[in-house]
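Welcome! Please open the model in your viewer and keep the selection tool at hand.

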Amino acid sequence: MATESKTLETTSPPRTFINQLAQHAGEQVTIKGWLYNLRSSGKILFPQLRDGTGVVQCVALKNSVAPEVWNALKGLGQESALAITGTVRADERAPGGYEIDLLHAEVFDEVHDYPITPKEHGTEFLMDHRHLWLRSRRQHAILKVRHTVVKAVRDFLDADGFTLADAPIFTPAACEGTTTLFEVDYFEGEKAYLTQSGQLYNEATAAAFGKVYCFGPTFRAEKSKTRRHLTEFWMVEPEMAYATLADVMTLSERMLSAIAARVLEDRGEELKILERDPAKLEAIVPPFPRLHYDDAVKLLHEGHNKGELEARFEWGGDFGAPDETYLSANYDKPLMVHHYPAAVKAFYMARDSERPELALGVDVLAPEGYGEVIGGGERATSLEFLKEQIALHDLPQEAFEWYLDLRRYGSVPHAGFGMGIERCTAWMCGIEHVRETIPFPRMLYRLRP
Ligand code: 4AD
Ligand code: MG
């Protein structure tokens with residue numbers, strides 16, 4: 001046995017990954033992957049291999065490989081699975097700076113008629129083949145950016161003294177409003193709802209740990225078919241005890257800047273593939289502009305008077321996508337709109353003491369028309385006020401007794417926000433629709449694959 005494995009080790013060069021070829025220049029390596037493309041020119045084949053870390057072009061000369069290897073390679077279709085062995089050679093013209101002179105290949109799965117070809121496909125077709133579409137260069141780049149956004153968020157909050165305290169997904173009651181709940185059968189006839197936000201639980205953990213965040217899937221049964229809406233999305237929600245609306249704005253600004261900086265630092269290649277202008281992300285540095293809701297409404301009225309906005313916005317309403325785009329068009333940084341009318345916000349929002357019709361809430365609107373990426377604010381602290389609000393919003397008080405306990409035992413000013421990972425990723429990537437920013441999107445008309 002020992003001698004056998006020894007022979008194997010010495011005959012097959014070490015496996016490496018395409019993004020590590022620079023460390024192996026001049027050496028023999030093995031790469032395990034899938035065929036991305038194959039060109040041939042008489043006695044030379046140029047198989048391009050992808051392995052999840054990159055794409056590399058190999059060069060196979062008919063005279064340098066065994067005849068059975070040549071014949072096997074020659075007939076392979078796109079996405080055939082194969083391991084190749086060859087010598088790494090620096091080549092300035094190659095996309096990653098290296099090519100491989102192929103010596104040997106082992107085919108794991110010979111594929112013909114891979115459904116996604118280099119020709120143009122419609123979005124519906126690609127979404128139906130999402131399980132395969134993920135392999136394409138652009139989708140790969142977008143999901144690498146998503147990974148970096150998630151990592152940047154976690155690193156930022158962890159370094160800032162936040163404790164991860166995840167909230168449940170099965171919940172007994174609404175947080176953001178009853179109209180967008182997905183109901184599921186729990187046990188013995190009891191109904192449960194998929195969480196719309198971990199915030200209420202965050203308020204409990206914040207009183208235990210001071211600064212917390214939850215980070216998980218979130219569900220909204222919204223019948224919105226827009227480029228910003230998913231029915232299942234991932235939200236990160238920081239919450240801080242002894243904090244105010246101003247603290248939330250500062251944290252939002254610092255966190256978004258940290259994300260942009262990290263994407264620029266770690267995902268330069270991907271931004272190139274996506275043709276994303278890095279200057280757009282370089283501009284995301286504190287301070288961000290801040291705008292009172294009243295002033296935002298004034299701007300919208302001006303826009304309407306100038307004929308740039310079709311409908312005249314009424315004070316008291318929530319902004320639509322065109323309003324958000326109009327407001328943020330003047331800035332190359334995210335715009336923080338604060339002090340919304342309480343009537344358009346959730347029951348738990350604290351009120352402005354001078355103007356109680358206003359909530360101490362903020363929406364952070366990303367530039368370039370990406371719209372709201374963060375929503376949050378300061379929470380009401382008074383037990384009596386919250387009881388009233390729960391009744392006014394037609395919510396069952398029994399379900400909120402535990403939440404009201406947080407006001408009975410050590411109630412303090414506290415504040416937090418939620419950021420949707422997909423909206424943030426779409427903005428970082430400069431892409432049109434959130435559906436490409438999650439491996440398997442769930443939307444109004446899409447539950448498969
Ligand atoms: O503004 P929202 O509804 O805020 C809350 O849920 C608060 N309870 C969060 C908190 O204060 N802890 O949602 C927050 C963010 C939005 O700004 C947006 O980025 C994202 O979540 N979001 C969605 N993303 C994709 N699809 C949807 N349907 C989304 N709804 C909200
Ligand atoms: Mg919101």
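The tour below visits a barrel, a helix and two cavities.

This is a predicted model, in which local features need pLDDT of at least 70 and side-chain atom pairs count only at pLDDT 80 or more, while totals for chains, interfaces and linings use all residues. Residues are numbered from 1 along each chain as its sequence is written.

**Stop 1: the barrel.** Select residues 28-41, strand 1, and residues 44-50, strand 2: seven bridges join these antiparallel strands. (Strands are DSSP runs of E, at least two residues, and helices of H or I, at least four, numbered from the N terminus; two strands pair if DSSP finds at least two bridges between them.) Here Asn37 stands opposite Gln48. Both strands belong to a closed barrel of five, in the order 1-2-3-5-4, with mixed pairing.

**Stop 2: the helix.** Now select residues 67-74, helix 2, which packs on the sheet and touches strands including strand 3 (55-61) and strand 4 (81-90). Contact means heavy atoms within 4.5 Å.

**Stop 3: the cavities.** The whole structure has two cavities of 30 Å³ or more. (A cavity is a set of points on a 1 Å grid over the protein atoms alone where a 1.4 Å probe fits but cannot get out; lining residues have an atom within 4 Å of a point.) Select Thr171, Ala173, Ala174, Leu200 and Tyr201, which lie nearest the centre of the largest cavity. That cavity holds about 100 Å³ of space.

Finally, select Arg227, Arg228, Gly369, Tyr370, Arg423, Ala426, Glu432 and Val434, the lining of the second largest cavity, whose volume is about 50 Å³.

How values were computed: Chains lettered and ligands numbered in written order. Heavy atoms only, no water. Axes fitted to C-alpha atoms, helices over the stretch in contact; angles between N-to-C directions. 1 Å grid on protein atoms, 1.4 Å probe; cavity = no way out; pocket = protein on both sides within 12 Å on 5 of 7 lines; lining within 4 Å. Points joined across faces, edges and corners; volume = space filled by probe spheres on them.
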